[in-house]
Amino acid sequence: MAYTIFKPMRPVKGVLFDMDGVILDTEKLYTRFWQEAGRALGYPMTRDHALGLRALNRDEAARKLQSYFGPQVDYQQMKAKRIQLMDAYINQHGVEPKAGIRELLSFLKERHIPCAICTASPAERIREYLTPLGLIDQFDALCTVYQVPRGKPEPDIYLFGAKSLDLAPEDCLALEDATAGILSAFRAGTMATMVPDQDPPDEESLKRITALADSLLDVVALIGRSVQV
């Protein structure tokens with residue numbers, strides 16, 4: 001386990017969490033069911049195709065999908081199929097928290113560091129997923145893309161998240177696992193920190209991140225270091 005710091009860090013006064021792939025071990029499900037949805041509709045969707053859709057807002061995702069399969073592909077139709085398949089799986093099996101999330105949230109509470117969720121998921125899904133895990137009350141704010149003009153990779157959701165904690169973005173550590181999310185957090189001026197989930201950071205993400213952590217337990221050490229500096 002380890003972390004690497006790429007840019008100078010300020011003392012962390014707040015933490016902004018992406019949900020899927022950071023709080024919840026659900027990115028593997030998105031990857032699986034985007035593929036299944038595409039194939040059900042007659043498109044040879046691969047794992048790399050599915051990974052390319054992560055964290056993108058609707059317009060960006062639609063353009064990405066058309067770049068894969070042509071202008072005739074219907075993003076909303078495929079997304080609806082993915083939701084149908086994934087919801088059926090989750091209704092039967094539930095969702096799992098990411099390793100280390102409980103320890104990280106306990107650490108933040110002990111240090112009186114507020115935290116917010118910044119996600120593309122609607123508020124009702126946040127509650128549906130986090131309530132059974134006993135995590136919903138661990139966050140000071142729930143921020144969704146439906147509360148801002150633009151989704152990731154634009155900075156809006158992270159700017160809104162920092163404001164919800166009454167903090168400047170530069171005083172907030174943003175935790176992300178995907179390229180589009182890192183770009184969003186970077187554009188917002190946060191300390192964009194990547195905890196890779198499905199794949200390692202690409203070259204562009206490495207230029208943007210403040211830090212790279214192997215796990216959420218390493219984020220505990222990273223924040224502890226920043227507070228002591």
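**Lys152 and the H1–H4 packing**

I'll start with Lys152, whose side chain makes a polar contact of 3.0 Å with the side chain of Asp18; such a contact is a pair of N or O atoms within 3.5 Å, where within protein one must be able to donate a hydrogen and the other to accept it, and residues adjacent in sequence count only if both atoms are side-chain atoms. This is a predicted model, in which local features need pLDDT of at least 70 and side-chain atom pairs pLDDT 80 or more, while totals for chains, interfaces and linings use all residues. Residues are numbered from 1 along each chain as its sequence is written, and side-chain values use heavy atoms, without hydrogens or water.

The side chain of Lys152 also has a polar contact of 2.7 Å with that of Glu176. Lys152 lies in the loop between strand E4 (141-144) and helix H7 (156-164). Is Lys152 buried or exposed? Its relative accessibility is 6%, so Lys152 counts as buried, meaning under 20% relative accessible area with a 1.4 Å probe and protein chains only.

Now the helices, which are DSSP runs of H or I with at least four residues, as strands are of E with at least two, numbered from the N terminus. H1 (residues 27-40) packs on H4 (residues 75-93) at about 125 degrees, axes 8 Å apart; axes are lines fitted to C-alpha atoms over the stretch in contact, and angles run from 0 to 180 degrees between N-to-C directions. H1 is therefore oblique to H4, oblique being what is left after under 35 degrees (roughly parallel), over 145 (roughly antiparallel) and 65 to 115 (roughly perpendicular).

Key. Buried < 20%, exposed > 50% of the residue type's maximum accessible area, 1.4 Å probe, protein only.
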